[in-house]
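Subject: Handing over a structure, with notes

Dear colleague,

I am passing a structure on to you, and since you have not worked with it before, I have added some notes to read alongside it. Please look at it first and then go through what follows.

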Amino acid sequence: MLISQVEYGRVVHVSGETRHPYTRGKLCPRGYALVEKNYHKDRLKFPVFQEVKGSGKFKQITWEKAYELILNEITGIHARYGHLKPLAFYKGTGNIGIHHRVTGHFFYSLKGTTKLASSSYACGHHHGGYFSKDFIPQSYKKPSLIVIWGANPAATNIHLVPFLLEAGLRGTKLVVIDPLYTRTAELADLYIQIKPGTDGALATLLAKELIKEPRFDESYIKNCPDSFRELAIFLTNINSKEFLDICEVPERAFSLLADWLKKAKMVAHIIGTGLQKHVNGEQNFWAIQTLAALHHKAGNVTTKVLQGNQKGERLFNNEQLEYTKEASGEHRVIQFAEAASGHDPHPVEMLWISCGNPITQEPHSQLIKEFIEGIPFVATVDQFMTPTAQMSNLILPTTTPFEEWDIVMNNWHGAISLNEKAVSPYFQSRSEWRIMTDLTTRLQKRNPDLCAFPVYRSEEEYLNAQFNDNIRERYEVESIADLTRKGHIAMPKLSKAINNRTVNNRTASIEKGQNGGIAGTLDKGRLFRSLISGAKSPSEEYPFWLLTVHHPFRFNSQFQFLDISEEAETCANIHPLAAKEWGIKDGEVVKVCNRQGSLKMKAVYSRQVPKDILLVYQGGCPKSKVNVNRLIPFAKADTGENIAFYDTFVKIEKL
Ligand SMILES: Nc1nc2c(c(=O)[nH]1)N[C@H]1C(S)=C(S)[C@@H](COP(=O)(O)OP(=O)(O)OC[C@H]3O[C@@H](n4cnc5c(=O)[nH]c(N)nc54)[C@H](O)[C@@H]3O)O[C@H]1N2
Ligand SMILES: Nc1nc2c(c(=O)[nH]1)N[C@H]1C(S)=C(S)[C@@H](COP(=O)(O)OP(=O)(O)OC[C@H]3O[C@@H](n4cnc5c(=O)[nH]c(N)nc54)[C@H](O)[C@@H]3O)O[C@H]1N2
Ligand SMILES: [Mo]
């Protein structure tokens, strides 16, 4: 939560809110840089139009002209086809506030439009599961063991770090499981360097160790659901050595972790998105869930699974509407790859992009770029001229959180907070709510039946209309005024936060969770059997894994221009021994390539990576125009809609 200091209509300083239970007055590096970002010389000031995408021949136009161009396209598509399937929108994660749901809300208020789904992360929400929402600060005070699987909070969720350190002082042991020796790994009591995509094997083996324990409730097995009994038999019969070989974890590290698990009175497992960006990501996710369920239920140990960054819970009306509309099948939801495949029966003729920079962030970016270039009309709403904006016809400048009202949910601690407007919009920027409302009133004049987007008089009124009974019960707020009264933040009432998917003590509530609660979770334990075949490995031709993880000082493709990342250009971090095998010197420019593309970048020696992994941060770097997502294939993860970004394999060539 930010407190902004305003002088003469301009934000001059930001600080954190000390009363906030999670951030406790601290901001992350990007938070502190927001003022600089807001008034950066490159910030867009006026709507601009270019006839030919990528030509750079932008003409400044008025908002009225911009609206006219958009409405001509929408009504034109409708007149030509009698439906709106060729009209598509794409909403990225550049801003995930409730205000910004207006994009989906508007396009789903037009009949039968298409959504190009973003491949951002993660599972959890859609798949139910066994996880706790009482993240702060309760969750980190009590456990005697915290295990972090495939997350790097010291870079991506720094507010968690003080809780981890405080827990450490109280004697909690921290285990970090990651193929990279990350900043988070540096904090761990035990770091386990695992082979990517094989956490399921490790979790399975840990489960096997647990059920050997005498305190494991035998009578429970006798009376348990069949799925559980099957799982127990399966676990007893697996070959431990084979499983350890799969995940390439040393015996000693494994025994230590197994020992700590057995002795622990309370365990918290934190599952990140990194672990899930694999073709078998969901299986690995469920394997950890199953380990936790088993430990909890039969081992009589309080166990929590904490998963941040999951897709939100769709609490507010406009979020729910999107969900209901999608479930009803009234609108098409397809991925870029499908739309770009050339086999789309209703090829996209107009694309609206909000809060997203798909040319940098989606996989197979060359294909995405060519696809966007080929769409007759592309409109992008952003604050900066991103690579995607450069490939658009119309670029609409929009407001930042300082210049608009919003309600923000946090996926780590479940609080909802109010973002109050502090200053007027920058130059001619307009808020996304305003843009959608302006379009609606003009569209309704032309064709009264085409658009059912509700018109309110202000952003605050629009936001007030998104509250509902569920929010009132859980948060005791039903309007912006209530949030203001509560000091701008509402924490979930614990009893409500712990909905039927949640476990935080040994109660029966887990029995009836979504997807069958524990029974469902243990059912998923069957996945143990298939995950071994799912895991990928480098080949002789492409001997390196390419991990394109999130940068500690950037936020996806944002904040590059501020240069807070210290990184002058995109680099491939390589283990010195691997580099020497290929005759590559520290700092040498090399070619990193696979079947999809080839990129030149500097190879930098790093002991953070194992010998068969190259680390290249995602999001791009301003000084080198390398777009690493050119090398990322469109491989779907088993979560269904997400992409297996981290199952990408490459080779290195000397120039
Ligand atoms: N500074 C910063 N913070 C951010 C972001 C940012 O770009 N920069 N982005 C935000 C967003 S959109 C997201 S989704 C989150 C992402 O937050 P995280 O989930 O923490 O981020 P990732 O970088 O995807 O991956 C975390 C770790 O998973 C590891 N990993 C990869 N594959 C495996 C595997 O198979 N098993 C295991 N055990 N580990 C594996 C990677 O090496 C990496 O260290 O961060 C958010 N916060
Ligand atoms: N190789 C690789 N690729 C990845 C990932 C990876 O780990 N590796 N991670 C994936 C993940 S988890 C995610 S979430 C995606 C993120 O990718 P995107 O969804 O594209 O998100 P960002 O790059 O954060 O921001 C996109 C744009 O939103 C704009 N923006 C910011 N605030 C606002 C606003 O208030 N309104 C509007 N209209 N625009 C705004 C920013 O200026 C920026 O240009 O990337 C994915 N891509
Ligand atoms: Mo993300």
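To begin with the sheets, this predicted model contains an open sheet of five strands, which are arranged in the order 9-8-7-10-11 and pair in the parallel sense. Its edges are formed by strand 9 (190–192) and strand 11 (302–306), each of which has a pairing partner on one side only. From one strand to the next, the twist averages 15 degrees.

At one end of that order, strand 10 (residues 266–271) is joined to strand 11 by five bridges, again in the parallel sense, and if you would like a pair of residues to look for there, Val-267 has Thr-303 of strand 11 as its bridge partner. Elsewhere on the sheet you will find helix 8 (residues 199–211), which lies across strand 7 (145–149) and strand 8 (173–177) and runs at about 150 degrees to strand 7.

Antiparallel pairing can be followed from strand 21 (residues 589–594), which is joined to strand 22 (residues 597–605) by six bridges. These strands, 21 and 22, form a hairpin in which two residues lie between them, and Asn-594 has Gly-597 in strand 22 as its bridge partner. Strand 21 also pairs with strand 24 (residues 649–654), in the antiparallel sense and over four bridges, and here the bridge partner of Val-592 is Ile-652 in strand 24. As general background, the strands of a sheet pair through hydrogen bonds of the backbone, and they may do so in either a parallel or an antiparallel way.

The other part to look at is the surroundings of ligand 2, where 30 residues form the shell, the closest being Thr-93, Gln-361, Asp-382, Ser-557 and Asn-629. By type, the residues of this shell divide into 20 polar, seven nonpolar and three charged.

Which distances might you check around this ligand? An N or O atom in the side chain of Ser-557 is 2.5 Å from an oxygen atom of ligand 2, while for Asn-357 a backbone N or O atom lies 2.9 Å from an oxygen atom of the ligand. For Cys-355, a backbone N or O atom lies 3.4 Å from a nitrogen atom of ligand 2. Of the 920 Å² of accessible area that ligand 2 has on its own, the protein covers 95%.

With best wishes

Technical notes: Residues numbered from 1 in each chain as written. Chains lettered and ligands numbered in written order. Predicted model: local features only at pLDDT ≥ 70, side-chain atom pairs only at ≥ 80, totals over all residues. Heavy atoms only, no water. Near = heavy atom within 4 Å. Polar contact = N/O pair within 3.5 Å; in protein donor to acceptor, adjacent residues only side chain to side chain. Areas by Shrake-Rupley, 256 points an atom, 1.4 Å probe, with all protein chains shown as cover. Nonpolar A, V, L, I, M, F, W, Y, C, P; charged D, E, K, R; others polar. Pairing = 2+ DSSP bridges. Axes fitted to C-alpha atoms, helices over the stretch in contact; angles between N-to-C directions. Contact = heavy atoms within 4.5 Å.
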